[in-house]
Structure formats: C-alpha cells, structure tokens
Amino acid sequence: MEETSLYRPTRAQLALRELVEQKSKILAYGGSRSGKTFEFCHALADFGVRFGGRYAVFRRYFNSVRYSVFDDTFPKMLELAFPGLEYKRSLSDTKILLPETGAEFWFVGLDNERRVEKILGREYAAIYFNECSEIAYSAVEIATTRLAQRLVDAKGRVMRNRAFFDCNPPGKSHWTYRLFLEGINPTTRARVNDPQEYGVIQINPADNAENLPAQYIESTLAAGSEKMKKRFLYGEFSNDTENALWKQETIDARRILEPPRDLERIVVGVDPAVTSNDSSDNTGIVVAGRSLALDGRPFFYVLDDRSLCAPPERWAREVVEAFRFWQGDAVVVETNQGGDLVASALRQIDPNLPIRTVRATRGKILRAEPISILYEHGRVSHVGVMRELEEEMTCYAGPSTPDQTVDRLDALVWAMTELANYSGDCVGGFFGI
C-alpha cells in the first residue's frame with residue numbers, strides 16, 4: 001500500500017515517523033497546522049494495517065475529536081496514505097474499522113463520562129492524546145492504564161505499546177513540559193523511571209508550508225500578537241509571567257475531571273465586551289460553583305469557560321445556555337460598560353433570568369487578589385482544562401502587562417466573588433481562609 005501512497009510526508013513528519021519507531025512515549029509540539037495530527041494518525045493506521053488491534057484517539061471535547069479527527073483528518077489520511085484500503089465508519093460508536101485486519105480506531109471525548117467508561121473497559125495497543133494541552137494529566141494517567149493490548153504480526157514480531165501526544169505548547173509549568181522536556185512525573189515530582197522511552201520533537205508551520213494555503217503563515221499566523229505568534233507560529237513553550245497572581249502549577253495541583261454532585265450554588269460570571277468586530281475583546285463567560293468541604297468551609301469549582309467574541313444577542317444567548325446547562329442560581333454581570341443595556345440583552349433571551357449587576361470600583365489586581373489567595377490555599381479546582389482562561393490567569397500581572405486581555409479572568413473573578421460573598425466568606429474584600 002505504501003508504494004501507491006499519495007501521501008508525501010515532509011521532512012519533519014519523516015523525523016516524527018522515525019521517532020515513533022524508536023520510542024514508546026512521544027510528544028510532538030509546535031505551531032498551528034504543522035502536520036502533527038496527520039502523521040500521528042498515519043502511525044496509528046500503519047500499526048492497524050500491520051498488527052490489527054485496537055487504538056484510541058482522545059481529546060478533551062467529544063465534538064472536537066469527532067469533527068476534527070474522526071470526520072476529517074483520519075479519513076483524509078487513509079485516502080491519501082492508504083489508497084484502496086477498505087475501511088468502515090461507525091457513526092453511532094464514532095469508530096473506524098479496517099475489515100481486512102480487524103483494527104479498530106475509537107475517537108473519544110473526555111467530556112462524555114458514559115462513553116469514557118465504555119472506552120476504558122477495553123485494552124488498547126496505542127493511544128493518542130490530540131491537543132493534549134487541554135487534557136488534565138489525571139485523565140492521561142487513567143487512560144494509559146488501558147495501554148495493555150498485546151499484538152503480534154504475521155512474522156511473529158511483537159508490537160510495543162505506544163502513547164502519542166501533540167499540542168500547541170502552553171506554559172512551561174504545564175504537565176507536558178514537565179513530563180517530556182524536564183523528565184519529571186507531574187504527579188509525584190520524581191524523575192521518570194524510563195527516560196529512554198520518551199521522545200520529543202518540535203514541528204512548526206514552516207515545516208509544512210508546502211501543504212498550507214498561500215499566505216497562511218505570513219498573513220494569518222504572523223499577524224497575531226507576540227504571545228500568539230510564540231505559541232502558534234514559533235511553537236514555543238512560554239514562561240509564567242513574573243509576579244502574576246496565579247501559577248500554572250497551582251492550578252494543575254487541584255485539577256479534576258468531573259464536577260462534584262453536591263454543589264450548593266452555581267453562578268455565571270459575565271464581563272461583556274462593548275463592540276463585536278474582529279479586533280474586539282471577548283465577552284468573558286465563566287461558570288463557577290461552590291460546595292462545603294469536610295471542614296465546613298466552602299470549596300470552589302471553575303466549571304466552564306464559554307467566552308467568545310460576538311454581538312450582544314449572541315453572547316447573551318451563550319450566557320443563558322450556560323446558565324440552563326449548569327442549572328445555575330444567578331448570573332453576575334459587570335455593567336461598567338454598557339450599563340442597563342447589558343442586562344437588557346440578557347432579558348430579551350430569558351425575561352426571568354436572575355441577574356445580579358456589579359460595578360468595578362477597584363483595580364483588577366485588587367479585585368483578583370482575594371481569589372488568587374483561595375487558589376494558594378488549595379480551595380479551588382478547575383474541572384478539566386480551560387486553556388485560554390488559564391493563560392490569562394498566569395500571564396496577567398497588573399499594570400506591567402497593559403496589553404494583556406483579561407475578559408475571561410474578570411468573569412472568573414466576578415463569579416468567584418459572588419460565590420464567596422453568598423455566605424459571608426468575604427470581609428472587606430478578603431476571604432476568611
């Protein structure tokens with residue numbers, strides 16, 4: 001099949017392919033549309049042709065893995081790299097089957113608890129964490145326990161089980177950097193037991209320029225902010241901003257996969273944007289909840305980040321959808337910009353929406369400091385990974401970062417402050433910890 005392949009891998013993809021043969025745990029990091037996903041899908045399919053077996057592709061959201069990989073990249077890869085190979089797609093199971101060898105490729109979103117349980121009831125020969133910067137390391141640990149299927153090809157060669165990871169690199173305190181670049185287990189903080197099994201490769205858009213639309217690199221990626229270019233064009237891990245109120249390791253330390261069932265109050269925090277053109281800020285929309293810990297003190301959970309750049313009728317609908325999905329108790333909206341029009345936009349979608357309006361009378365740092373203290377004292381968990389929100393949190397350091405957008409961060413602060421104030425935990429702007 002390879003002789004008739006229409007797939008012409010780039011030099012970087014060939015280097016990744018060589019790494020796949022040498023190592024069992026591989027991270028490919030770099031900028032946007034550099035060919036990482038395509039080549040990892042090719043590696044899985046190649047194993048499936050040679051050995052049969054079962055494979056899984058994980059991503060944080062089911063819709064993302066379905067539309068991006070199951071519907072798009074994987075079938076395209078099969079058509080180009082394995083022309084003439086028969087395959088079947090099961091829409092109900094989100095699975096691709098190779099009838100000739102019996103190989104199965106499962107596509108899994110970690111936001112679907114029922115489906116995750118079903119997937120984890122099986123063993124796999126190789127697994128692939130696509131866009132792993134969005135996936136909590138606790139989920140990786142659970143999924144890799146199923147990396148136990150033993151396969152032997154027609155010549156008696158045993159396949160070595162493998163785990164693939166790719167991402168547009170986040171901050172250096174993220175588990176991907178710790179595990180692959182520093183060789184440190186993110187959970188135990190100890191050195192990894194088998195460093196020889198870890199492989200790392202950086203692949204950037206320039207490496208895949210021949211397969212990208214004209215001007216994509218120059219006009220799209222290069223036109224972004226320095227922060228965005230560093231991540232999506234140059235593919236570099238970033239440093240946590242010095243003096244920022246939050247550190248990524250603090251957020252990572254208490255991250256969980258599923259929200260608790262005993263939340264006593266849930267609110268949606270909203271920081272509305274005034275305009276909605278291409279250069280506008282996002283409207284921050286962050287959902288948070290609280291419960292009581294065993295010591296009787298409140299514990300807080302960041303449940304969802306639905307921030308977006310959109311006109312008022314669109315972001316208002318998103319707020320109402322978030323409120324209904326999470327069965328919220330209140331919507332907290334900043335009205336410094338837009339005044340009564342902000343609440344009016346929400347009322348047009350749902351006249352009975354319980355809205356609490358707030359006005360910012362102190363600087364952002366003063367408003368955010370009490371919330372950061374909650375994190376430092378281990379009283380906040382993020383449910384899953386909220387990449388854009390966490391980047392704002394770990395990059396903002398007040399006036400020293402004047403160009404840093406904090407729409408998501410502001411929405412988080414309003415939501416968390418409302419939850420703390422609800423039972424008198426906040427006195428004079430600081431929480432009783």
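**Exercise 1. Work out whether threonine 94 is buried or exposed, and look at its backbone**.

Step 1: start with accessibility. Threonine 94 has a relative accessible area of 2%, so it counts as buried (under 20% relative accessible area; exposed is over 50%, partly exposed in between, with a 1.4 Å probe and protein chains only).
Step 2: place threonine 94 in the chain. It sits in the loop between β3 and β4; strands here are DSSP runs of E with at least two residues, helices are runs of H or I with at least four, and both are numbered from the N terminus.
Step 3: check phi. For threonine 94 the angle is positive, about 50°, although the residue is not a glycine.

Before going on, keep in mind that this is a predicted model, where local features need pLDDT of at least 70 and side-chain atom pairs count only at pLDDT 80 or more, while totals for chains, interfaces and linings use all residues. Residues are numbered from 1 along each chain as its sequence is written, and side-chain values use heavy atoms, with hydrogens and water left out.

**Exercise 2. Do the same for arginine 189: where is it found, and how accessible is it**?

Step 1: arginine 189 belongs to the loop between α6 (175-181) and β8.
Step 2: its phi is near 65°, again a positive value in a residue other than glycine.
Step 3: with 43% relative accessibility, arginine 189 comes out as partly exposed.

**Exercise 3. Find the order of the 8 strands in their open sheet**.

Step 1: trace the pairs (two strands pair if DSSP finds at least two bridges between them). The order reads β3-β4-β5-β2-β6-β7-β1-β8, and the pairing is mixed.
Step 2: look at the edges. β3 (88-90) and β8 (198-202) each have a single partner strand, so one side of each lacks a neighbour in the sheet.
Step 3: get the twist, which averages 15° from one strand to the next; axes are lines fitted to C-alpha atoms, for helices over the stretch in contact, and angles run from 0 to 180 degrees between N-to-C directions.
Step 4: zoom in on β1 (residues 25-29), which runs parallel to β8 and is joined to it by 5 bridges. Isoleucine 26, for one, has glycine 199 of β8 as its bridge partner.
Step 5: add a helix. α1 (residues 11-22) packs on the sheet and touches β1, β7 (162-167) and β8, with its direction at about 175° to that of β8; contact means heavy atoms within 4.5 Å.

**Exercise 4. Now take the open sheet of 6 strands and give its order**.

Step 1: the order is β13-β12-β9-β10-β11-β14, with mixed pairing.
Step 2: the edge strands are β13 (355-358) and β14 (380-382), each with a single partner strand.
Step 3: from one strand to the next, the twist averages 25°.
Step 4: β9 (residues 265-271) and β10 (residues 284-292) pair in the antiparallel sense over 7 bridges. Within β10, alanine 288 is the bridge partner of valine 267.
Step 5: helix α10 (residues 312-325) lies across β9, β10 and β12 (330-334), at about 170° to β9.

**Exercise 5. Explain why cysteine 132 makes no bond with cysteine 167**.

Step 1: apply the cut-off, since a disulfide is a pair of cysteine sulfur atoms within 2.5 Å.
Step 2: the sulfur of cysteine 132 lies 4.3 Å from the closest cysteine sulfur, that of cysteine 167, so the gap is too far for a bond.
Step 3: check burial. Cysteine 132 is buried at 0% relative accessible area, and cysteine 167 is buried at 1%.
Step 4: the disulfide count comes to 0.
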